[in-house]
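Reader: I have a structure open and would like to go through it with you, a piece at a time. Could you start with whatever is best enclosed and then let me jump around?

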Amino acid sequence: MRQNSNVVALHAGILASLLILFFITSAYHNGNLARIMVLAVFAMGYNFLFGYTGLLSLGHALFFSAGMYGLGISMHHLELSVLPAFAVALLFTAMVSAAIGFLALRTTGVAFMIVTLMFAQAGYLTILLFGKYTRGDEGFVIQQAERTLFGLDLTDPSIRYFAAFALFAASYLFIAWAVRTSFGRCLVAIRENEARARMLGYDTARHKFLALLASGVLSGVSGAGYALLFGYAGATFASVQYSILPLLWVLLGGSGTTLGPLIGTAFAFYLVDISSEFTSAYLLVVGAAIVFLTLFFPQGLAGEIRRRIAPWLP
Amino acid sequence: MATLSLLTTRRVCKNFGGLDALTDVDFELPRGQVRALIGPNGAGKSTFVGTICGRIPPTSGEIVFDGQDITHLATHRRICLGIAYTFQITSVFSRLTAYENVALGVRRIHGSRWQKVHSLVMEALDRVRIADLAEQIAGDLSYGHQRLLEIAMGLGQSPELFILDEPTQGLAEGEIEGFKDLIRSLSGQTTILLIEHNMNVVMETAEFITVLNAGRILAEGTVDEMRHNQDVQAAYLGRD
C-alpha cells in the first residue's frame with residue numbers, strides 16, 4: 001500500500017511541478033515546455049504500444065498527422081470551431097488506427113515494423129497528393145482568430161501553456177490509470193510472452209488491437225493539439241522522421257514507464273535546443289548523447305531510476 | 001442430459017508432415033478423476049494435450065469439453081471454459097514477480113476485484129509453498145520454484161480441468177512429496193490430467209492410467225491393472 005501512495009504522490013508531484021514551472025521560468029522556456037507537453041502526449045501514446053504491449057511501430061507519424069490534419073482541415077476548410085474540429089480529428093484518427101490495427105496486427109516483429117512504416121509512407125504521399133487541400137510540405141497556417149476556445153485566445157502564451165498542460169495531464173492520468181487496470185497488466189504479459197498470455201485465457205489479438213487504437217488516438221490528440229496550439233499543419237509531420245522521434249523519446253526516457261515519455265521528450269528537446277546554440281553540428285551532439293545513453297542507460301532514464309533506486313516506479 | 005465425462009476425444013489424429021503423431025485417439029475423462037497419461041518419449045503425450053488446450057490443431061477428429069465441441073475453438077476461449085495448462089518447459093513471465101505471474105491468470109476471471117484477486121493469488125502460491133517468494137522476480141527463482149510457480153498459475157484459475165505436463169521434472173525430493181499432497185488435496189474437486197514420467201508419483205496420485213504409445217492408446221485401466229499389463233511393460237522396456 002505504501003507503494004500505491006508513492007505512485008499517487010509521484011503523479012501529483014509531476015503535474016504540480018509542471019504548473020509551478022510556468023511561474024518560475026522565462027517566457028522562452030514556457031513556450032518550449034508547452035511544445036514538450038504536447039509532444040510528450042505523442043510519446044506517451046507511442047509508449048503505450050511499444051513500451052507496454054511490446055509492439056514496435058515505425059509508422060506513428062501517420063496517427064500524429066491524422067490528428068493534425070483532422071483538426072487543421074476541419075478548421076481551415078470546413079470552418080468548424082475548435083471543439084467540433086477536435087472531435088473530428090479524434091474520430092478520424094480512431095478510424096485510421098482501427099484500419100491500421102486491423103491490417104498490420106496480422107504481422108509481428110520486423111514485419112510489423114515494415115508494414116507500419118509502409119502505411120505511414122503511404123499516408124505521407126497521400127497528403128502530398130492532395131496538396132490542393134493539405135498544401136503539402138509547405139503546409140498551412142490556422143488563423144489566430146479561429147483558435148479560440150470558450151472565449152479564450154489559445155495563441156496567448158499563458159493560455160497556450162495551460163491548454164497544453166490540460167492535454168498532457170488528461171493523457172498522463174489516462175495512461176497512469178490504464179496501465180494499472182487488468183487490461184494494462186495483460187498488455188505487459190503480452191509484451192513478455194504472448195503465447196503464455198493466450199494460455200492464461202486472454203484474447204491477445206483483441207488486446208493488441210485496443211492497445212493500438214488507444215496509442216493511435218493519443219498520438220492523434222497530440223497532433224491535433226499541436227496544430228491547434230501552434231497554428232500550423234504540414235506534411236513534414238507525416239514524414240518518417242516523426243515516426244522515429246517518438247521511438248527515440250521513449251527509448252531515452254524509459255520505455256514501459258509512465259514518466260519516461262515526458263523525460264525523454266524534454267531531454268531530446270533541450271539537447272537540440274542547447275547544443276544548437278554552440279554549434280551548427282548539433283545533430284552530432286544529439287547522436288553522441290544517444291549512443292552514450294544507450295550504452296550506459298539501456299533502459300532509459302526513468303528505467304534506470306526504477307532499476308537502481310525506486311523499483312515501484314510506475 | 002448432463003454428461004459424466006468432462007472431456008471426450010473421438011478419433012483424434014495429428015499428422016506432422018507425414019509423421020503420424022496421433023492416430024484415432026478415443027479418450028474419455030470422467031469429472032473429478034485424477035488421470036495419468038504415460039508412455040515412452042515421443043509417444044505423443046504432449047501433442048495430445050496440445051490438441052485439447054488448442055496449442056496444436058488436430059488433423060482430424062473431435063474434442064468435446066463439458067458437453068461442448070471445442071475442436072475448432074481458439075486457445076484462449078478453451079482456457080476461459082475452465083481448462084488450465086502448465087507447460088512442460090517452464091514458461092513463466094520471467095521479468096515479472098511471482099505474484100504478478102499468478103495474478104494475471106486470476107485477474108482474467110475476477111477482473112479488478114483486488115481483494116479477491118489478492119487472496120486467491122496468495123492462496124495459490126501458498127498451496128505450492130512459495131508464498132514467501134511472492135515478490136521475487138520469477139526469472140530469479142530456482143528452476144524447481146519456477147516449476148511450482150507454473151503450477152500455482154494454473155491453480156489460481158481454479159480450473160475445471162487441470163492439465164499438468166511433467167510437473168515434477170526438476171523438482172527436489174521434498175518438493176515432489178509436496179506435489180503429491182497437492183494433487184491429493186485437489187482430487188474430487190478438480191479433474192486432473194497428468195503427464196508424468198515419475199512412476200512413483202503416478203502410482204501414488206492417479207486413480208486411472210492411460211498409456212499412449214506411438215500415437216495410439218495402448219492400454220487403459222486402474223493403477224494395479226497397468227502395473228501388471230504385459231503390453232505396457234513391453235512398451236516401456238522393449239519386447240524381447
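Author: In this predicted model, 12 of the 13 residues of α3(B) are buried, so the helix is largely enclosed by the rest of the structure. Buried means that 20 or more other C-beta atoms lie within 10 Å of a residue's own, while 12 or fewer makes it exposed and anything in between partly exposed, with C-beta atoms placed from the backbone. Helices (H or I, at least four residues) and strands (E, at least two) are DSSP runs, numbered from the N terminus.

Reader: Before we go on, how is everything numbered, and what confidence do local features need?

Author: Residues count from 1 along each chain as its sequence is written, and chains are lettered from A and ligands numbered from 1 in the order in which they are written. As this is a predicted model, local features need pLDDT of at least 70 and side-chain atom pairs count only at pLDDT 80 or more, whereas totals for chains, interfaces and linings use all residues.

Reader: Back to the helix, then: which elements cover the buried residues of α3(B)?

Author: The cover includes α8 (182-192) of chain A, together with α4 (114-127) and α5 (143-155) of chain B. The buried residues themselves include Y99(B), L104(B), R107(B) and R108(B).

Reader: And where does α3(B) bend?

Author: The bend is at L104(B) and amounts to about 30°, taken as the angle between axes fitted to the seven residues ending there and the seven starting there. Just after the helix, G111(B) takes a positive phi of about 55°.

Reader: How many residues of α13(A) are buried?

Author: The count is zero among its 15 residues, so to speak of α13(A) as hardly covered fits the definition of burial given above. Its end C-alpha atoms are 21 Å apart, which agrees with the 21 Å that helix α13 (residues 282-296) of chain A should span at 1.5 Å a residue, the expected span being 1.5 Å times one less than the number of residues.

Reader: Changing topic, how many residues does each chain give to the contact?

Author: Chain B gives 15 residues and chain A gives 14 residues, where two residues are in contact if their C-beta atoms, placed from the backbone, lie within 7 Å. On the side of chain B that touches chain A, the elements giving two or more residues are α2 (75-80) and α3 of chain B.

Reader: I was also looking at Y202(A); what is it in contact with?

Author: Leaving aside neighbours within four places in sequence, Y202(A) is in contact with C186(A), A197(A), H207(A), H76(B) and R108(B). Y202(A) lies in the loop between α9 (194-199) and α10 (204-230) of chain A, and counts as buried because it has 26 C-beta neighbours inside 10 Å.

Reader: What order do the strands of the open sheet in chain B follow?

Author: The four strands run in the order β2-β1-β4-β5 (chain B), with antiparallel pairing, and strands pair if DSSP finds at least two bridges between them. The edge strands are β2 (19-30) and β5 (68-69) of chain B, each pairing on one side only. Strand β1 (residues 5-16) of chain B and β2(B) pair over eight bridges.

Reader: Last one: where is confidence lowest in chain B?

Author: Confidence is lowest in helix α9 (residues 230-237) of chain B, at a mean of 75, and highest in strand β4 (residues 60-65) of chain B, at 94, on the pLDDT scale, the predictor's confidence in each residue from 0 to 100. For the complex, the predictor gives an ipTM of 0.86 and a pTM of 0.90.
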